[in-house]
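Visitor: Could you take me through one part of this protein closely, namely the place where its domains meet? After that I would like to hear about the charged pairs and a few single residues.

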Amino acid sequence: MEDRPKAVVIGAGIGGLTSAALMAQSGRVDVSVYERMSFAGGRFTQHDHDGYQIPTGAVHMIPHGKKGPFADLILGKQSKGGLDLGRHGVDFLPTTKFACRIKDGKLYRANSVYGILPWFTARDALNLPGLLMKGAKRPWGDETEDGRAWLSRRFSDEFIDFLDAFSNFAISLRFDQMPASTVVRMLQNSFWSDRPHVPKGGCKGVIDGLRADLRENGARVKLSHEVTEILPGDAEESTKDNRFCIGVRRRGRDEGVWVGADSIIHNGGHPNLFEALSNDFEVADGIKEQVRDTQAVGGIGFAFALDDEIPHRGSGVTMLPGLERVGGYVIPTFSDPSLAPEGKHLMITHQYVPDPTVKSEISKGREDLYEAIPWLSDHAEEICVHSYHRNWPCNRAPQGAELPSDIGVDGIRLVGDGIKGHGWMMVEGIASNVPDAVSSVSEL
Ligand SMILES: Cc1cc2nc3c(=O)[nH]c(=O)nc-3n(C[C@H](O)[C@H](O)[C@H](O)COP(=O)(O)OP(=O)(O)OC[C@H]3O[C@@H](n4cnc5c(N)ncnc54)[C@H](O)[C@@H]3O)c2cc1C
């Protein structure tokens, strides 16, 4: 088996692990994953806090349920390019509603995408087909209009505010921060897809399934190992037969080791890759500039422990339109009760961050929540608040940035939330890029 080409995956986030699993299932490459943290899963896993499964990032939601690129990749049959992780117990459980909203203290629930229409004006319903049919599979080129301006010419403020709260909750950006074609395509993908689902056992359920699959196929996942350098293979005697020579440092050790690789999947984002990549490799013109001009997107999330008397009994993503900061919340324990201790529920909120002064943003978010959710003060206890920024952001590149997976260096591709297919959000966006990235480095 040692004469197989060596593939190194840098980072054990959902992008890195799914890429590694695809390569390992093919059996054609010898796969190793290096992860600098002491746990796998990156921002798509959880830590147990007295029985509450507190996310490292993702709020336990699969945006497009069983009808999106993520489901195709994770649960799809191998003959169709999927990983078929159902074999390892991975499953997605539907949320109890398609979507909800709280407006003026009142809870509205919709069982399907059409169920939200009665909340808005007749003009909104009449103009919806125009939005859904608009050609937006690719960016519109030199776009001068942002998403909010485009929608404002067709829909009521109330309808746009509801969708904008969803955007705030899901991707930490408002419509006026994205090109119109991105907003249109994202909404189309959401309308045509399934209701959100909760991974069984939370995000870690998927990560555990991926790790079991990697083990089964002989791939290694090395935790607490950081990749610090990427050089040409002939930089070191021990790696001279490989295309790349990779410097790896194990946490707590001063000395690094050199590892040979013939292909690299990088899951840590463009700036991180550029930092490690030696000047021997030429990055395609314009890409460095594009990356320099792209800022990661921050966000803030609260986790609350809820008692079992809460009046909102469901796991549908709930939008809180019109608030200053918070976009919405979800109570995933109505789909998977194992995410909280028996008789309790877990609620997770999300808000965008227009101002980097995180402390005051947290207070503003808390104010929003207690003002908008009438039952919160009687039934909830704050467990923690997480702010996502710098090396642990909400999104390494804002939705619509369209950074490339291919930076012009043969044998290296990026995966993860810095690189998403146009209009695909969150893990759907990551999954939409992974198969191409993997096949172009390993010619599967
Ligand atoms: C608050 C919040 C809520 C979210 N909610 C949802 C949700 O409900 N549903 C959803 O679909 N998405 C959600 N997302 C988005 C989703 O969680 C992320 O897009 C996704 O987890 C990112 O995965 P990734 O593989 O790109 O990166 P990461 O999870 O960041 O993984 C990259 C890994 O690479 C490692 N790494 C980086 N550089 C190196 C190096 N040089 N050497 C070794 N290791 C390295 C990092 O330590 C990290 O573990 C949410 C995100 C946040 C922050």
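Guide: What follows starts with the domains and their contact, then turns to salt bridges and single residues. Keep in mind that this is a predicted model.

The protein is divided into two domains, and each is built from separate stretches of the chain. Domain 1 takes residues 6-94, 201-294 and 397-442. Domain 2 takes residues 99-194 and 299-388. The centres of domain 1 and domain 2, taken over C-alpha atoms, lie 28 Å apart. Domain 1 brings 31 residues to the contact, and domain 2 brings 39 residues.

How much area is buried between domain 1 and domain 2? The figure is about 2,600 Å², and carbon and sulfur atoms give 70% of that area. On the side of domain 1, the residues that lose the most area to domain 2 are Y52, Q399 and H422. Together, Y52, Q399 and H422 make up 25% of what the domain 1 side buries.

Now for the pairs that cross from one domain to the other. The rule finds 0 salt bridges across the interface of domain 1 and domain 2. Polar contacts are found there: 8 residue pairs, with both residues at pLDDT 80 or more. On the domain 1 side, the elements that give two or more residues to the contact are strand 3 (46-49), strand 4 (52-55) and strand 5 (92-94). Of the elements on that side, strand 4 gives the most, with 4 residues. Sorted by class, the domain 1 side of the contact has 12 nonpolar, 15 polar and 4 charged residues.

Salt bridges are found elsewhere in the model. Side chains of opposite charge can pair when their charged atoms come close. The structure as a whole holds 25 salt bridges. One of them joins the side chains of E216 and R87, with N and O 3.2 Å apart. E216 lies in helix 7 (residues 203-216), while R87 lies in the loop between helix 2 (69-74) and strand 5, so the pair ties together parts that are 129 residues apart in sequence. R87 has a relative accessibility of 39% and therefore counts as partly exposed.

A second salt bridge is formed by R101 and E158, whose closest N and O atoms are 3.1 Å apart. This pair also links distant parts of the chain, 57 residues apart: R101 is in strand 6 (residues 99-103) and E158 is in helix 5 (residues 157-171). Are its partners buried or exposed? R101 is buried because its relative accessible area is 2%, and under 20% counts as buried. E158, with a relative accessible area of 29%, is partly exposed.

A third salt bridge joins R325 and E361, and here the closest N and O atoms are 2.5 Å apart. R325 sits in the loop between strand 15 (318-319) and strand 16 (326-330), and E361 sits in helix 10 (residues 358-372), 36 residues apart. R325, at 10% relative accessibility, counts as buried. E361 is buried too, with a relative accessible area of 0%. Salt bridges can also share partners, and in this way K77, D84, R87, D213 and E216 are joined into one network.

Next come backbone angles. Most residues other than glycine have a negative phi. D104 has a positive phi, near 45 degrees, and D104 is not a glycine. D104 is placed in the loop between strand 6 and strand 7 (106-110). At 75% relative accessibility, D104 counts as exposed, because exposed means over 50%. M426 is also a residue other than glycine with a positive phi, in its case about 50 degrees. M426 belongs to helix 12 (residues 426-442). Its relative accessibility is 23%, so M426 counts as partly exposed.

The last residue is A261, in strand 12 (residues 256-261). A261 counts as buried, at 0% relative accessibility. Which residues does A261 touch, leaving out those up to four places away in sequence? They are K6, V8, N242, R243, F244 and I246. From A261 to N242 the separation is 19 residues in sequence and 5.5 Å in space, C-alpha to C-alpha.

Key: Residues numbered from 1 in each chain as written. Heavy atoms only, no water. Domains from an automatic or database assignment. Contact = heavy atoms within 4.5 Å. Buried area = accessible area lost by both parts, 1.4 Å probe. Salt bridge = Lys/Arg side-chain N within 4 Å of Asp/Glu carboxyl O. Polar contact = N/O pair within 3.5 Å; in protein donor to acceptor, adjacent residues only side chain to side chain. Nonpolar A, V, L, I, M, F, W, Y, C, P; charged D, E, K, R; others polar. Buried < 20%, exposed > 50% of the residue type's maximum accessible area, 1.4 Å probe, protein only.
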